[in-house]
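Q: Hi! Could you walk me through this structure? I have it open and would like to get my bearings.

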Amino acid sequence: MKGSLDLERFRRLQTSGTRVKHDIQGLLVAAARHGLEGRLLLKDESATRVIGYRAGRPVMVASNMVAERLGGRLLATSAITVEHAAAIDRVMERDKLQFGSALLKLGIMTRDAFMQALDEHRAWLVQQCVQMESAQVTHDATGAVTGDASGLRVLTAIELGVRSYRQADSRALQTQFQSARFALQPGDLELAQELGCSRALLQP
């Protein structure tokens, strides 16, 4: 049924093909459970989003949409101004720096404020993955993945994404999770804790 969470896909970690909404969060968690290496690409008509894993731990998330990049989000939320964005672009080009390094070099934000904004942006972007109505999924095992595993709490982001579902989506998920198909596996709660999620997400 369209919209249901297919637990068999979740268990087997099929990393290619089309996923519909409610499948995607299972795929992201299964990647952690199965120790995935490389990048998962989720593509729909509007965007390509990427979550990178090292030894099953999600360490980076990115999008090809300008509005979904960190700079675009900071600008949209008024954390930086248009003038700031232009100055950052100039420093990036002149000094061959990445966005965050250029922003910090200009003193536009403190390092602590920037790291908080980065964590919030990553979580928000994972939520956009969870909200996709459908996605073509591919696994790039050779793609370079850099980042800190502690910086991307993917289960927490999934939980927040599910909380923002429409009422009909929530009812569909609730019906599925009440069935015996969703019995916990040994280690599921420990995995949830390791990935920064409340234990309540995987409680029956």
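**Strands, helices and cores**

A: Happy to! Let's begin with one strand pair: β1 and β5 run antiparallel and are joined by 4 bridges. Keep in mind that this is a predicted model.

Q: Which residue in β5 is the bridge partner of Arg 19?
A: That is Ala 135. Along the β1-β5 pairing you also find Gly 17 opposite Val 137 of β5.

Q: And how many bridges does β5 share with β2?
A: β2 and β5 pair over 5 bridges, again in the antiparallel sense. One spot to look at is Arg 39, which stands opposite Asp 140 in β5.

Q: In what order do the strands sit in the sheet?
A: The order is β1-β5-β2-β3-β4, giving an open sheet of 5 strands with antiparallel pairing. β1 (17-20) and β4 (57-63) are the edge strands; each has a single partner, so one side of each has no neighbour in the sheet. On average, neighbouring strands are turned by 25° against each other, ignoring direction.

Q: Let me zoom out. How many helices and strands are there in the chain?
A: There are 9 helices and 5 strands. Starting at the N terminus, the elements run α-β-α-β-β-β-α-α-α-α-β-α-α-α.

Q: What share of the residues is buried?
A: Of the 204 residues in the chain, 44% count as buried. As for contacts between residues at least 6 apart in sequence, 59% of them join residues at least 24 apart.

Q: OK, on to the cores. Which residues touch the most other members of the largest nonpolar core?
A: Those are Ile 24, Leu 28, Leu 40, Leu 42, Ile 51, Tyr 53 and Val 126, in a core of 17 residues. At least two core residues come from each of α2 (24-33), β2 (38-43), β3 (48-54), α6 (111-130) and β5 (134-140). α2 gives the most, with 4 residues.

Q: Nice. What is Tyr 53 in contact with, leaving aside its neighbours within four places in sequence?
A: Its partners are Leu 28, Ala 31, Ala 32, Leu 36, Glu 37, Gly 38, Leu 40, Pro 58 and Val 145. Apart from the largest core lies another one of 13 residues, including Leu 70, Ile 88, Ala 117 and Leu 118.

Q: Why would residues like that gather inside?
A: As a general tendency, nonpolar side chains in soluble globular proteins are buried together.

Q: What about α4, how far does that helix reach?
A: α4 covers residues 82-95, so 14 residues, and its first and last C-alpha atoms are 20 Å apart, close to the 20 Å expected at 1.5 Å a residue.

Q: Which of its residues are buried?
A: In α4, the buried ones are Ala 85, Ala 87, Ile 88 and Val 91. They lie on the same side of α4, because they cover an arc of only 165° around the axis. These buried residues pack against α5 (99-105).

Q: And what does the face turned away from the buried side carry?
A: There you find the exposed residues Val 82, Glu 83, Arg 90, Glu 93 and Arg 94. α4 is followed by Lys 96, which has a positive phi, near 55°.

Q: Last one: why does the span of α6 look right?
A: With 20 residues at 1.5 Å a residue, α6 should span 28 Å, and its end C-alpha atoms are 29 Å apart, so the two agree. The buried residues of α6 include Phe 114, His 121, Arg 122, Leu 125 and Val 126.

Notes
Residues are numbered from 1 along each chain as its sequence is written. This is a predicted model: local features need pLDDT of at least 70, side-chain atom pairs count only at pLDDT 80 or more; totals for chains, interfaces and linings use all residues. Side-chain values use heavy atoms; hydrogens and water are left out. A nonpolar core is a set of buried Ala, Val, Leu, Ile, Met, Phe, Trp, Tyr and Cys residues joined through side-chain atoms within 4.5 Å. Buried means under 20% relative accessible area, exposed over 50%, partly exposed in between (1.4 Å probe, protein chains only). Contact means heavy atoms within 4.5 Å. Two strands pair if DSSP finds at least two bridges between them. Axes are lines fitted to C-alpha atoms, for helices over the stretch in contact, and angles run from 0 to 180 degrees between N-to-C directions. The arc is that of the directions from the helix axis to the C-beta atoms.
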